[in-house]
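Trainee: Got a minute? I'd like to go through this model with you.
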Amino acid sequence: MGLTESGYKARLTDAKITRYLHLFGALSIEGPKWCGKTWTALNHANSVVYIADPENDYANREAAKLNPASILAGEKPLLVNEWQEVPAIWDAVRFSSDRTKDKGLFLLTGSVTPRRDSFIHSGAGRIGRIRMRTMSLYESGNSSGAISLLDLFTGIKVEPAASKLNQEKLIGLIVRGGWPENINVSQEDAFILPEQYNMALAETDISHADNMKRNPELVLHLLAAIARTNATPALQTTIVADIQARFGDITRQTVGDYLSALKRLYVVEEIPQWFPELRNKLRLRKTPKRMLTDPAIAVSALKARPDDLVRDPRTLGGLFENLCIRDLMIYSEVLGAKLSHYHDANGLEVDAIIELDNKWAGVEIKMGAHRVDEGITSLIRLREKLVSKGAIEPAFLCVITGGGPLFTREDGIHVIPIDCLKP
């Protein structure tokens with residue numbers, strides 16, 4: 001394609017975009033601001049229209065408001081960047097795709113999901129949808145990819161390897177986050193971009209998402225409250241109590257509205273609970289895991305610096321889990337797998353369940369080697385509980401760590417440093 005930007009670093013999403021452009025008339029690429037959606041879309045486009053371009057007093061946006069179809073005349077595939085500025089563009093793209101029946105006509109990128117009532121048609125069957133996130137360690141070049149998730153599902157033998165991580169490097173990756181623009185920034189300056197991201201989110205983006213003025217201080221405190229329970233199945237009442245301790249009589253509905261806006265901005269992720277087919281025989285909790293889409297957002301929200309994280313291993317462990325879940329979601333989606341978590345009424349928890357082609361795998365996340373046995377105990381308990389009730393054996397069980405060796409134990413459970421994993 002002719003619009004690929006100089007210096008573009010290939011993303012795992014690229015292959016999926018190519019595939020979907022052969023299946024759908026249009027493709028919507030969705031994800032948080034600054035995660036690289038536009039550059040990735042340009043890699044597949046032959047022309048582009050920027051709806052938020054201020055040239056000629058926002059001529060593109062005004063033309064789209066008057067007649068959305070008028071901005072769709074470029075060479076195909078045509079990228080429409082920040083289409084949500086004029087939600088009617090969605091219906092115009094859907095109608096054009098439906099009328100011609102051609103594939104790969106349009107690419108849409110946006111950093112917020114417009115309210116459902118702002119456009120008419122869902123786009124089902126005409127507009128495919130792909131979720132992008134910040135860069136995984138494999139995409140940023142910080143994972144060797146010594147073992148792939150797909151290989152684990154297919155039973156290929158795990159060859160021993162070693163991590164290149166130590167605590168200092170791991171903290172650096174967490175503080176830096178996965179934003180493409182932050183990958184090569186020095187450790188001393190790595191916190192600045194996430195800090196600016198959070199400020200823009202609180203002061204502008206969350207209000208702009210649905211044209212409703214919101215309290216920036218409350219937004220920042222909410223991000224910190226989520227960060228304190230990051231990657232855990234914390235009840236919303238816990239977050240509400242945290243907010244109320246600072247702001248007084250804030251209602252659950254208000255906090256829920258703010259959380260909803262953050263989800264629409266792709267800042268907050270909810271990992272669903274896993275319900276195996278034999279769920280009627282189990283007592284399971286239904287609380288999703290809630291986390292921020294990138295660990296650097298959490299670090300910034302907590303106003304933490306590397307030295308703070310060294311002194312607070314509990315917080316560091318939660319941020320490490322945030323990083324690992326981010327990568328596992330990216331890798332799972334590349335493979336067409338589904339990621340969830342397990343938490344039953346008896347307190348048995350497993351950090352991630354990955355389902356692929358009627359197979360399932362259990363993953364525990366333990367940053368330090370001293371906690372690997374704890375993770376293995378949970379995995380074995382889950383396997384024994386489910387198999388005894390009629391479930392199939394897992395395709396694999398593994399503990400993801402923050403360093404050390406990659407190997408398979410005698411009981412068949414893998415120990416995998418996060419910087420040795422790829423899709």
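Mentor: Sure, we'll take the pocket, then a helix pair.

Mentor: This is a predicted model: local features need pLDDT of at least 70, side-chain atom pairs count only at pLDDT 80 or more, and totals for chains, interfaces and linings use all residues. Residues are numbered from 1 along each chain as its sequence is written, and side-chain values use heavy atoms, without hydrogens and water.

Trainee: What volume does the largest pocket have?

Mentor: About 700 Å³.

Trainee: Which residues lie nearest its centre?

Mentor: Arg314, Gly317, Gly318, Glu321 and Arg371, out of 31 lining the largest pocket. Lining means an atom within 4 Å of a pocket point. Those points sit on a 1 Å grid, where a 1.4 Å probe fits, in an open set with protein on both sides within 12 Å along at least five of seven lines.

Trainee: Which element gives the most to that lining?

Mentor: Helix H14, with 8 residues. H14 spans 313-335. H9 (216-228) and strand S11 (349-356) are among the others giving two or more.

Trainee: And how does the lining divide?

Mentor: 10 nonpolar, 10 polar and 11 charged. Gly counts as polar here.

Trainee: New topic. At what angle do H8 and H9 pack?

Mentor: About 135°, with axes 9 Å apart. H8 covers residues 192-210. That angle makes H8 oblique to H9, meaning outside under 35 (roughly parallel), over 145 (roughly antiparallel) and 65 to 115 degrees (roughly perpendicular).

Trainee: Which residues meet there?

Mentor: From H8, Met199, Leu201 and Ile206 are among them; from H9, they include Val219 and Leu223. Contact means heavy atoms within 4.5 Å. The contact divides into 8 nonpolar, 1 polar and 1 charged.

How values were computed. Points joined across faces, edges and corners; volume = space filled by probe spheres on them. Helix = DSSP H or I, 4+ residues; strand = E, 2+ residues; numbered from the N terminus. Axes fitted to C-alpha atoms, helices over the stretch in contact; angles between N-to-C directions.
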